[in-house]
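Ready to practise reading a protein model with your own eyes? Work through the exercises below, and try each task before you look at its solution.

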Amino acid sequence: MPELPEVETIAVGLRRRAVGLRIDEIRLLWPKLLRGAAADLRRLRGKRILDIRRRGKMLLVSCEGDLHLLFHLKMTGQFHWTERAVPTDKHTRLRIAFRGGGPELRFRDVRKFGVLRILATPRPLEAAPLRALGPEPLAVSGPEIARLLARRKGRLKSLLLNQAFLAGIGNIYADEILHAAGLHPLRTSSSLTTSEARRLASSVAKILNAAVEAGGSSIRDYKDADGVDGSFQSRHRVYGRKGEPCLRCGAPVERRVIGGRSSFFCPKCQK
DNA sequence: GCCACTGTTAGCAT
DNA sequence: CATGCTAACAGTGG
């Protein structure tokens with residue numbers, strides 16, 4: 001479930017290790033991973049990786065020649081480094097080998113929801129899938145978030161999950177943010193007082209910063225690109241804690257489906 | 001063995 | 001603009 005903190009952790013780890021490497025060969029083991037022409041993949045051969053960064057939940061690998069690999073990890077996508085000679089397992093969807101030998105970078109994705117696009121443009125952030133994203137929650141000020149909130153309506157839970165509102169928040173962090181803000185997931189943005197909007201904005205930054213610092217949350221099978229678990233799962237205060245006491249007021253945490261997504265919240269201290 | 005559930009997003013209907 | 005449903009997929013747990 002890579003959300004912003006997990007993708008950020010992966011991006012930092014990959015950047016450290018992959019920038020400067022020259023791509024030798026990209027092999028697509030699961031053709032449907034790539035949206036677009038397979039011929040585009042071959043254009044990457046011989047290109048050097050210049051930068052790797054995150055935007056929302058997407059990972060952008062920028063190479064020479066204004067060519068970019070744009071990954072969305074969806075539910076179960078993960079990267080890892082492996083010696084070329086090691087056989088791939090059945091969930092490996094892509095392998096990228098580099099000039100000069102050394103380990104190759106592999107993309108695994110058990111549920112095959114992951115998506116890869118090739119962007120050929122000097123300004124990838126303005127290209128189709130990235131253009132539609134809202135601002136980065138950690139790059140935008142509290143008052144700005146409050147202002148964005150005032151322009152929207154609808155339930156807070158759905159709004160936080162809306163990537164066009166803020167980019168990168170998923171189900172886990174949406175629930176944790178709302179709990180930290182003491183706001184009920186069914187509250188609407190138009191019902192917020194100024195101080196509630198401010199509380200929500202600061203909770204967005206507080207939770208996401210803490211999660212990035214902890215290397216993300218490793219529930220199920222998330223690991224970063226170096227195979228390391230995150231630790232933020234031990235600090236979840238509502239997510240996955242149905243029936244357990246709220247860590248603020250002691251009332252049992254409730255689970256309810258909101259907008260088709262399981263939502264955990266404290267019915268007593270989230271108003 | 002069956003079914004519910006898992007979390008993300010596109011696409012479609014309302 | 002908002003919401004709700006489904007499909008895409010595979011594994012886990014009851």
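**Exercise 1. A hairpin turn**

Task: Find the residue that takes a positive phi in the hairpin of β3 and β4.

Solution. Step 1: Go to the hairpin that β3 and β4 make, with two residues between the strands. Step 2: Gly 56 is the residue to pick, with a positive phi near 60°. Step 3: Now look at the strands on either side, where β3 and β4 pair in the antiparallel sense over six bridges. Arg 55 stands opposite Met 58 of β4.

A few ground rules before you continue: this is a predicted model, in which local features need pLDDT of at least 70 and side-chain atom pairs count only at pLDDT 80 or more, while totals for chains, interfaces and linings use all residues. Residues are numbered from 1 along each chain as its sequence is written, chains are lettered from A and ligands numbered from 1 in the order in which they are written, and side-chain values use heavy atoms, with hydrogens and water left out.

**Exercise 2. The mixed sheet**

Task: In what order do the five strands of the open sheet with mixed pairing stand?

Solution. Step 1: Recall what a strand is here: a DSSP run of E with at least two residues, while a helix is a run of H or I with at least four, both numbered from the N terminus. Two strands pair if DSSP finds at least two bridges between them. Step 2: Follow the order β2-β9-β5-β4-β3. Step 3: Check the edges: β2 (34-35) and β3 (49-55) each have a single partner strand, so one side of each is left without a neighbour in the sheet. Step 4: At one edge, β2 runs parallel to β9 (residues 115-120), joined by two bridges. Arg 35 has Arg 117 as its bridge partner in β9.

**Exercise 3. The antiparallel sheet and a helix**

Task: Which strands stand at the edges of the four-stranded open sheet?

Solution. Step 1: The strand order is β1-β7-β8-β6, with antiparallel pairing. Step 2: β1 (23-28) and β6 are at the edges with a single partner strand each, so each has one side without a neighbour in the sheet. Step 3: β1 and β7 (residues 92-98) run antiparallel and are joined by five bridges. Glu 25 stands opposite Ala 97 in β7. Step 4: α1 packs on this sheet and touches β6 and β8, its direction making about 25° with that of β6. Contact means heavy atoms within 4.5 Å; axes are lines fitted to C-alpha atoms, for helices over the stretch in contact, and angles run from 0 to 180 degrees between N-to-C directions. Step 5: Helix α1 (residues 4-18) also lies across β3 and β4 (58-63), running at about 170° to β3.

**Exercise 4. A pair of rings**

Task: Are the rings of Phe 79 and Phe 107 stacked, edge-to-face or tilted?

Solution. Step 1: Rings of Phe, Tyr and Trp (its six-membered ring) pair if their centres lie within 6.5 Å; planes under 30 degrees apart are stacked, over 60 edge-to-face and the rest tilted. By this rule there are six aromatic pairs. Step 2: The centres of Phe 79 and Phe 107 are 5.1 Å apart and the planes are at 55°, so this pair is tilted. Step 3: Phe 79 lies in β6 (residues 77-82) and Phe 107 in β8 (residues 104-109), so the pair ties together parts that are 28 residues apart in sequence.

**Exercise 5. Touching the DNA**

Task: How many residues surround DNA strand B?

Solution. Step 1: Count a residue as near a strand if one of its heavy atoms lies within 4 Å of it. Step 2: 16 residues surround DNA strand B, and the closest are Met 75, Phe 113, Tyr 239, Arg 255 and Arg 261. Sugar and phosphate make up 68% of the atoms of DNA strand B that come within 4 Å of the protein. Step 3: Look at Arg 261, where a polar side-chain atom lies 2.5 Å from a phosphate oxygen of DNA strand B. For Asn 171, a backbone N or O atom lies 2.8 Å from a phosphate oxygen of that strand.

Conventions. Polar contact = N/O pair within 3.5 Å; in protein donor to acceptor, adjacent residues only side chain to side chain.
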